[in-house]
Amino acid sequence: ALAAHLGGATPHFEIEHRMLHADGGYRWMHSRGIAIRDEHHKATRMAGSQTDVTQRREAEEQLLRDALHDSLTGLPNRVLIADRIERSIARITRDSNHAFAVLFLDLDRFKGINDSLGHGFGDQLLILFARRLIACLRTTDTAARLGAFPSRPSCCARRSTTRRRARCSCARGRPVCSRTRR
């Protein structure tokens, strides 16, 4: 961007980049400027400004995260899992050796848990189940919670469904205890 402006290809220079702050953290900066040119149109110096846009960038990242993840469990949501499935389908058209599976899991009688123990307990159960499910998966797998079906986490994996089912069963293997029920 700077070279393009100095070469005369753009009317001004503008870029966002990260800078290392004295406290050891990084800050997002928005730098913009214009070359001051001499009578031969050669750039002799730059005039411009630099603005810390870290808060705006963090807010944008949070909005994107919120748009693609379930607010209760932190798992990817319907939008993100649909994108991952579409990408896997597209990859199959390019690479016939690529394989993936989609496995839907359902927590039986979940409505009864919410009705008898309360939504707070049901939420904690979903969070616990999500953590257990994630612990059973590889980093290349995706576990998601589909919002329209609050009790249905799903699992998108690259290999056989049988192996994935065995891995996912470890997520439901240990009992969950409440004060009065198991």
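1. A quick definition before we start: the expected span of a helix is 1.5 Å times one less than its number of residues. With that in hand, take helix 3, which runs over residues 78-94. Its 17 residues should span 24 Å at 1.5 Å a residue, and the end C-alpha atoms sit 25 Å apart, so expectation and model agree. Do keep in mind that this is a predicted model.

2. Now the overall layout. The chain has 6 helices and 6 strands. Going along the sequence, you meet them in the pattern α-β-β-β-α-α-β-α-α-β-β-α. The chain counts 182 residues, and 28% of them are buried.

3. Back to helix 3 for a moment, and its two sides. Which residues of helix 3 are buried? They are Leu 80, Ile 81 and Ser 88. These buried residues cover an arc of only 100 degrees around the axis, so they lie on the same side of helix 3. Turn to the other side of helix 3 and you find Val 79, Glu 86, Thr 93 and Arg 94 exposed.

4. The start of helix 3 is worth a look too. Asn 77 caps the N-terminal end of this helix. The cap is made by a side-chain oxygen of Asn 77, which lies 3.0 Å from the backbone nitrogen of Val 79. Val 79 is also one of the exposed residues of the helix.

5. Next, the core. The largest nonpolar core contains 12 residues, among them Leu 75, Leu 103, Leu 105, Leu 107, Phe 110, Leu 137 and Ala 143. Helix 5, residues 119-136, gives the most to this core, with 5 residues. Other members of the core include Leu 125, Leu 126, Phe 129, Ala 130 and Leu 133.

6. Helix 5 can be put through the length check as well. It has 18 residues, which at 1.5 Å each should span 26 Å; the end C-alpha atoms are 26 Å apart, so this helix agrees too. Its buried residues are Gly 122, Leu 125, Leu 126, Ile 127, Phe 129, Ala 130, Arg 132, Leu 133 and Cys 136.

7. On to the sheet. How many strands form the open sheet? There are 3, in the order 1-2-3, with antiparallel pairing. Strand 1 (13-20) and strand 3 (43-52) are the edge strands, each pairing on one side only. From one strand to the next, the twist averages 30 degrees. Strand 2 covers residues 26-37, and its antiparallel pairing with strand 1 runs over 8 bridges. If you want one pair to find by eye, Ile 15 has Ser 31 in strand 2 as its bridge partner.

8. Strands 1 and 2 form a hairpin with 5 residues between them. Gly 24, in the turn, has a positive phi of about 95 degrees. Asp 23 is in the loop between these two strands. Is Asp 23 buried or exposed? With a relative accessible area of 52%, Asp 23 is exposed, since the cut-off for exposed is over 50%. Its side chain has a polar atom 2.8 Å from the backbone nitrogen of Gly 25. The side chain of Asp 23 also joins that of Arg 27 through a polar contact of 2.9 Å.

9. Two loop residues deserve a second look for their backbone angles. Most residues other than glycine have a negative phi. His 41, in the loop between strand 2 and strand 3, has a positive phi near 65 degrees. His 41 is exposed, at a relative accessible area of 64%. Arg 109 also has a positive phi, near 55 degrees. You'll find Arg 109 in the loop between strand 4 (101-104) and helix 4 (110-117). At 71% relative accessibility, Arg 109 counts as exposed.

10. Last, a buried arginine. Where is Arg 145? Arg 145 is in strand 5, residues 142-145. Why does Arg 145 count as buried? Its relative accessibility is 11%, and buried means under 20%. As for a partner, the side chain of Arg 145 makes a polar contact of 2.9 Å with the side chain of Asp 70.

Note on methods: Residues are numbered from 1 along each chain as its sequence is written. This is a predicted model: local features need pLDDT of at least 70, side-chain atom pairs count only at pLDDT 80 or more; totals for chains, interfaces and linings use all residues. Side-chain values use heavy atoms; hydrogens and water are left out. A nonpolar core is a set of buried Ala, Val, Leu, Ile, Met, Phe, Trp, Tyr and Cys residues joined through side-chain atoms within 4.5 Å. Buried means under 20% relative accessible area, exposed over 50%, partly exposed in between (1.4 Å probe, protein chains only). Helices (H or I, at least four residues) and strands (E, at least two) are DSSP runs, numbered from the N terminus. The arc is that of the directions from the helix axis to the C-beta atoms. A polar contact is a pair of N or O atoms within 3.5 Å; within protein, one must be able to donate a hydrogen and the other to accept it, and residues adjacent in sequence count only if both atoms are side-chain atoms. Two strands pair if DSSP finds at least two bridges between them. Axes are lines fitted to C-alpha atoms, for helices over the stretch in contact, and angles run from 0 to 180 degrees between N-to-C directions.
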